[in-house]
Amino acid sequence: MNANTLPGQPHIAYQANTLCMEDVKLADVAAQYGTPVFAYSKAAMLSALAAYQRGFAGRKVQICYAMKANSNLAVLQVFAKAGCGFDIVSGGELARVLAAGGTPDKIIFSGVGKTRAEMQQALELGIGCFNVESEAELEVLNDVALKLGKKAPVSLRVNPNVDPKTHPYISTGLKGNKFGVAHESAVQTYLRAAALPGLAVVGIDCHIGSQITEATPYLDAMDRILDLVTDIEAAGVPIHHIDFGGGLGIDYNGDTPPAADTLWQQLLAKLDARGYGHRQLMIEPGRSLVGNAGVCLSEVVFMKPGEQKNFCIIDAAMNDLPRPAMYQAFHQIVPLTPRAGATTLVDVVGPVCESGDWIGRDRQLNVQAGDTLAVLSAGAYCMSMASNYNTRGRAAEVLIDGHQVHLIRHRETAADTFVGEHLVP
Ligand SMILES: *Cc1c(COP(=O)(O)O)cnc(C)c1O
């Protein structure tokens with residue numbers, strides 16, 4: 001590894017005092033496409049995927065990229081070409097997968113609030129599986145399928161009630177969460193599903209949270225799920241595939257999540273020990289495939305020294321990078337061309353009219369207006385959560401592949417942001 005590589009960011013490194021992604025100077029990207037702009041490394045995405053593929057070598061597995069992490073068509077295309085299926089949570093995501101060249105039979109449809117229209121769209125296309133999250137959804141899906149003369153393939157998302165030890169907003173497998181059916185009533189819900197003529201039970205799934213940095217919650221959830229598979233099959237309902245969800249964390253700020261292959265060696269050892277190693281497996285990773293493949297480049301607009309705080313005001317904001325405002329999340333922020341000399345303590349903030357519009361607090365930086373900064377680990381849950389708040393056009397996105405830079409989304413113009421709106425006569 002290059003000595004100038006940044007921790008957790010193997011695809012970016014300083015070369016001759018300028019930050020590069022693969023073989024491209026990021027300053028050139030900022031100059032050509034303007035700021036803010038997101039840059040993603042194709043090699044970093046494929047190497048994150050390769051870690052999972054190594055971990056599962058010799059197993060029956062379908063990796064379904066949880067596309068809500070980053071749903072740009074070109075990003076989906078990279079994963080579709082690499083053999084991934086997709087975990088979707090809306091009819092809109094379904095349309096995106098198809099536009100990017102994904103195949104319906106490798107799609108699984110998650111989410112607590114699927115509408116009849118979304119169910120119908122997915123059934124007509126022949127998606128691989130509905131991950132059903134409640135009894136009410138089972139009944140409605142059965143009804144929609146019968147009306148279409150189809151059988152809906154279903155898996156029940158079971159809530160294993162394990163604590164993933166992550167931020168409460170991204171913990172999803174505890175009793176108080178809105179997700180999944182309760183562990184205690186799962187067998188009964190499976191019997192109900194098996195009795196409904198419009199449904200075909202094909203699997204079981206769980207997803208306990210996001211940005212998980214320890215193996216223990218996964219090992220505990222696996223035990224709980226395998227206990228249930230035993231009970232459900234004993235009650236006469238065969239389970240074809242077992243889906244362990246996503247959630248593996250990345251290194252934002254010295255975080256030390258297990259590598260995907262190491263984690264899965266441990267999990268597969270448990271699966272083998274319990275006699276389930278030969279089963280068809282599925283996983284739904286999102287963040288861990290794209291999070292550290294991306295950066296957001298942003299220019300310093302003004303430096304604003306204050307009585308209590310010094311502010312570094314940049315042209316990216318909470319509408320581009322919502323994670324700090326939403327989860328108090330940390331992103332490393334580094335200059336594209338470091339200056340010699342002393343740093344000062346600054347809050348890096350955006351131009352949006354909210355005090356919650358900060359990107360990084362109490363950072364040591366030596367920067368001036370006109371410098372370009374890179375906000376790191378910005379490949380997941382940034383652009384896909386971006387909004388037009390303050391009528392800010394969403395940023396441009398590029399995909400970097402070796403020395404090539406592909407524009408994969410143009411910067412939204414002001415006019416783009418009001419497409420679809422109408423004046424009254
Ligand atoms: C968001 C989500 C994922 C992906 O989570 P990551 O933390 O990004 O890996 C997987 N499955 C379901 C059901 C999800 O909602």
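The shell around the ligand is made up of three nonpolar, six polar and five charged residues. The model described here is predicted. In this model, 14 residues surround the ligand, two cavities reach 30 Å³ or more, and the count of disulfides is zero.

**The ligand and its surroundings**

- The closest of the 14 residues around the ligand are Lys68, Ser210, Glu284, Arg287 and Tyr381.
- Ser210 places a polar side-chain atom 2.3 Å from an oxygen atom of the ligand.
- Gly247 approaches through its backbone: one of its N or O atoms lies 2.8 Å from a ligand oxygen atom.
- Gly286 also takes part through a polar backbone atom, at 2.9 Å from an oxygen atom of the ligand.
- On its own, the ligand has 390 Å² of accessible area, and the protein covers 94% of it.

**The largest cavity**

- The volume of the largest cavity is about 50 Å³.
- Its lining consists of Tyr52, Tyr218, Gly245, Gly246, Gly247, Leu248, Leu263, Trp264, Ile283 and Pro285.
- By class, seven of these lining residues are nonpolar, three are polar and none is charged.
- Gly247 therefore appears in two settings, since it belongs to this lining and has a backbone atom 2.8 Å from a ligand oxygen atom, within the 3.5 Å cut-off for a polar contact.

**The second largest cavity**

- The second largest cavity holds about 40 Å³ of space.
- The residues that line the second largest cavity are Cys206, His207, Ile208, Tyr218, Ala221, Met222 and Phe244.
- Six residues of this lining are nonpolar, one is polar and none is charged.
- Tyr218 lines the largest cavity and also lines the second largest cavity.

**Cysteines and disulfides**

- A disulfide is a covalent bond that joins the sulfur atoms of two cysteines.
- To be counted here, two cysteine sulfur atoms must lie within 2.5 Å, and the number of disulfides found by this rule is zero.
- Why does Cys312 form no such bond? The closest cysteine sulfur, in Cys296, is 13 Å from the sulfur of Cys312, which is too far for a bond.
- Cys382 is likewise without a partner, because its sulfur is 7.5 Å from the closest cysteine sulfur, again in Cys296, and this is too far for a bond.
- Is Cys312 buried or exposed? Cys312 counts as buried because its relative accessibility is 0%, and the limit for a buried residue is under 20%.
- Cys382 also has 0% relative accessibility, so it counts as buried.

Notes: Residues numbered from 1 in each chain as written. Predicted model: local features only at pLDDT ≥ 70, side-chain atom pairs only at ≥ 80, totals over all residues. Heavy atoms only, no water. Near = heavy atom within 4 Å. Polar contact = N/O pair within 3.5 Å; in protein donor to acceptor, adjacent residues only side chain to side chain. Areas by Shrake-Rupley, 256 points an atom, 1.4 Å probe, with all protein chains shown as cover. Nonpolar A, V, L, I, M, F, W, Y, C, P; charged D, E, K, R; others polar. 1 Å grid on protein atoms, 1.4 Å probe; cavity = no way out; pocket = protein on both sides within 12 Å on 5 of 7 lines; lining within 4 Å. Points joined across faces, edges and corners; volume = space filled by probe spheres on them. Buried < 20%, exposed > 50% of the residue type's maximum accessible area, 1.4 Å probe, protein only.
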